[in-house]
Amino acid sequence: MDSKVKAATWALDRGVSVVICNGMQEKAIKTIIGGRKVGTFFTESTDGFTTPVEELAESAREGSRQLQTLTPEQRASAVHTLADLLVSKEQFILEANAKDLSDAQRNGLAKPLLSRLSLSTGKLKNLSVGLKQIADSSHKVSIYVSVYSLYVMFM
């Protein structure tokens with residue numbers, strides 16, 4: 001549990017809210033993204049300067065509903081666009097990642113976590129290829145986790 005709290009503290013120091021829950025719980029991430037209160041939610045106190053989490057969750061649900069109205073081809077096109085952005089914004093992403101890595105090292109983040117945090121041109125290209133494969137091989141592109149991950153990445 002100590003490592004979870006340390007990871008949550010590290011994320012909070014960078015302005016990222018965190019939910020700690022039982023990872024063995026079935027559909028834990030989907031439940032959290034769906035707006036249910038599962039586990040313990042950590043966020044920095046901002047005295048009203050940011051959007052409340054409930055509003056963010058509702059916006060995510062509304063976005064999901066809008067995505068469901070798209071044709072499979074339109075969803076696939078959106079995923080292709082996200083894949084292309086990973087490549088076209090590579091320099092920006094890698095610069096931001098280098099700053100994150102520097103902050104993480106300075107704050108004593110464990111080496112295995114530093115390795116997972118580290119991005120490279122190769123990793124970004126692999127992510128892009130993977131997204132394109134999903135878009136090309138599926139008529140029903142499920143993008144809940146992909147969109148959420150990219151949203152967090154570009155915040």
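Buried means under 20% relative accessible area, exposed over 50%, and partly exposed in between, computed with a 1.4 Å probe on protein chains only. The model is predicted, and local features need pLDDT of at least 70, side-chain atom pairs count only at pLDDT 80 or more, and totals for chains, interfaces and linings use all residues. Residues are numbered from 1 along each chain as its sequence is written, and side-chain values use heavy atoms, with hydrogens and water left out.

**Exercise 1. Overall architecture**

Task: State how many helices and strands the chain has, and give the order of its elements from the N terminus.

Solution. Helices (H or I, at least four residues) and strands (E, at least two) are taken as DSSP runs, numbered from the N terminus.
- Step 1: the chain has 8 helices and 2 strands.
- Step 2: the elements run α-β-α-β-α-α-α-α-α-α from the N terminus on.
- Step 3: of the 155 residues of the chain, 21% count as buried.
- Step 4: a contact means heavy atoms within 4.5 Å. Among the contacts in the chain with a separation of 6 or more, 57% come from residues 24 or more positions apart.

**Exercise 2. The salt bridges of Asp103**

Task: Determine which residue forms a salt bridge with Asp103 at 3.5 Å and which does so at 2.3 Å, then classify the accessibility of Asp103.

Solution. A salt bridge is a side-chain nitrogen of Lys or Arg within 4 Å of a carboxyl oxygen of Asp or Glu.
- Step 1: Lys99 pairs with Asp103, the closest N and O atoms being 3.5 Å apart. Both residues belong to helix H5 (residues 90-106), and because they are 4 residues apart there, about one helical turn separates them.
- Step 2: Arg106 also pairs with Asp103, with the closest N and O atoms 2.3 Å apart. These two residues likewise lie in helix H5, 3 residues apart, about one turn of the helix.
- Step 3: Asp103 is buried at 14% relative accessibility, whereas Lys99 is exposed at 54% and Arg106 is exposed at 59%.

**Exercise 3. A salt bridge in helix H3**

Task: Describe the pairing of Arg61 with Glu58 and find which residues are joined into one network by salt bridges that share partners.

Solution.
- Step 1: the structure holds 6 salt bridges. In one of them, the side chains of Arg61 and Glu58 meet at 3.0 Å, N to O.
- Step 2: Arg61 and Glu58 are separated by about one helical turn, because they stand 3 residues apart in helix H3 (residues 53-68).
- Step 3: Arg61 is partly exposed, with a relative accessible area of 27%, and Glu58 is partly exposed at 36%.
- Step 4: shared partners join Glu58, Arg61, Glu62 and Arg65 into one salt-bridge network.

**Exercise 4. Two side chains that reach backbone oxygens**

Task: Identify which backbone oxygen the side chain of Ser128 reaches and which one the side chain of Thr69 reaches, and state whether each residue is buried or exposed.

Solution. A polar contact is a pair of N or O atoms within 3.5 Å; within protein, one must be able to donate a hydrogen and the other to accept it, and residues adjacent in sequence count only if both atoms are side-chain atoms.
- Step 1: Ser128 is found in helix H7 (residues 121-137) and is buried, with a relative accessible area of 4%.
- Step 2: the side chain of Ser128 reaches the backbone oxygen of Ala83 at 2.9 Å.
- Step 3: leaving aside residues up to four places away in sequence, Ser128 touches Ala83, Asp84, Leu86 and Val87.
- Step 4: Thr69 lies in the loop between H3 and H4 and is exposed at 65% relative accessibility.
- Step 5: the side chain of Thr69 reaches the backbone oxygen of Gln66 at 2.6 Å.

**Exercise 5. Lys89 and Leu124**

Task: State where Lys89 is found and how many residues apart Lys89 and Leu124 are in sequence.

Solution.
- Step 1: Lys89 is found in the loop between helix H4 (72-88) and H5.
- Step 2: Lys89 is partly exposed, with a relative accessible area of 40%.
- Step 3: Lys89 and Leu124 are 35 residues apart in sequence, and their C-alpha atoms are 9.8 Å apart in space.
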